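Let's take a walk through this fold together. Keep the sequence and the 3D view side by side while you read.

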Amino acid sequence: MQQQTGQQMTGQVPPPMPSSAPPRQVPPAGEPGVLWSAVGQPLTGIGAGRYKLTATMLYFERGVLSTNAQQVPIAHVVDVDLRQSLTQKARGVGSVVVKVQRTTGLELVVLEDLPDPRTAVAVINQTAQAARLVEQQRMNTHHYAGLPPTTAAMPPAPVPTAVDPIAQLRQLGELRDAGILTEVEFTTKKAEILSRL
């Protein structure tokens, strides 16, 4: 009788063979701060774009004979869409269209033939929204560091006006004649005004 292997004895099924689906992209080793990166998988295998995302920038590089490398502030990304042709769908890739707000207007950047394009759309969208929020908060925040402390402006002290004693005596007389002041109050106040002369 032949000796059975350990797998057959325990009834374990051998692990499944890896699928042909492309693996999820992970940040390359040695590049701290990279949230997502990918290399395009064109049908021809030539001129694959290389793409990288950090919390502040989206980098893309393309070209066969010459290289076109650019970077976009992620806060300037206003929309991210997925385009997938029938051929791309069969190959498990797609193109991600990134709309960037430039000073001259909207610019479209196409990240072509990305593996797992839906993940790319989600990560770029989330990072762009977070970066726009940070930028908006920064614009709404006033920094006073380094400025000397300011004191609240005190209202100016009232300037004493010159009081005309004759006018005061005339007013006192009118108040007495109107019955508002008694004769005693009038005499007391009149003596006070005259003492200041």
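We'll start with the overall layout, then go through the strands, a long look at one helix, and finally the core.

One thing to keep in mind from the start is that this is a predicted model. The chain has five helices and seven strands. If you trace along the sequence, you meet them in the pattern α-β-β-β-β-β-α-β-β-α-α-α. There are 197 residues in the chain, and 23% of them count as buried. The accessible surface comes to about 14,600 Å², with carbon and sulfur atoms making up 58% of that. As for contacts between residues with a separation of 6 or more, 36% of them link residues 24 or more positions apart.

Now for the strands, beginning with β2, β3 and β4. β2 (50-54) pairs with β3 (residues 57-62) in the antiparallel sense, through four bridges. The two form a hairpin, with two residues between them. If you want a spot to click on, Y51 has F60 of β3 as its bridge partner. β3 then goes on to β4 (residues 68-73), again antiparallel, and this time six bridges join the pair. That is a hairpin as well, with five residues between the strands, and G63 in the turn has a positive phi of about 130°. F60 turns up again here, since its bridge partner in β4 is Q70.

Further along the chain there is an open sheet of three strands, in the order β5-β6-β7, with antiparallel pairing. β5 (77-83) and β7 (105-115) are at the edges and have a single partner strand each, so one side of each is left without a neighbour in the sheet. From one strand to the next, the twist averages 20°. Between β6 (residues 93-102) and β7 you can find nine bridges, and V93 has P115 in β7 as its bridge partner.

What packs on this sheet? That would be helix α3 (residues 117-140), which touches β5, β6 and β7, and whose direction makes about 170° with that of β5. α3 is 24 residues long and spans 35 Å from its first C-alpha to its last, close to the 34 Å expected at 1.5 Å a residue. Its buried residues are P117, A120, V121, I124, T127, A128 and A131. These pack against β5, β6 and β7, and also against β1 (34-39) and β2.

That brings us to the core. Which residues of the largest nonpolar core touch the most other members? They are W36, V77, V96, V98, L111 and I124, out of 22 residues in that core. The elements giving two or more residues to this core are β1, β2, β3, β5, β6, β7 and α3. The largest share comes from α3, which supplies five residues.

V98 is a good residue to zoom in on. Setting aside neighbours within four places in sequence, V98 is in contact with L58, V77, D79, V80, E107, L108, V109 and L111. Two of those names, V77 and L111, are also among the core residues that touch the most other members. L58 belongs to β3, which covers residues 57-62, while V77, D79 and V80 fall in β5 (77-83) and E107, L108, V109 and L111 in β7 (105-115). Select V98 and its partners in your viewer, and you'll have a handy way into the core.

Technical notes:
Residues numbered from 1 in each chain as written. Predicted model: local features only at pLDDT ≥ 70, side-chain atom pairs only at ≥ 80, totals over all residues. Heavy atoms only, no water. Buried < 20%, exposed > 50% of the residue type's maximum accessible area, 1.4 Å probe, protein only. Contact = heavy atoms within 4.5 Å. Areas by Shrake-Rupley, 256 points an atom, 1.4 Å probe, with all protein chains shown as cover. Pairing = 2+ DSSP bridges. Axes fitted to C-alpha atoms, helices over the stretch in contact; angles between N-to-C directions. Expected span 1.5 Å × (residues − 1). Core = buried A, V, L, I, M, F, W, Y, C linked by side-chain atoms within 4.5 Å.
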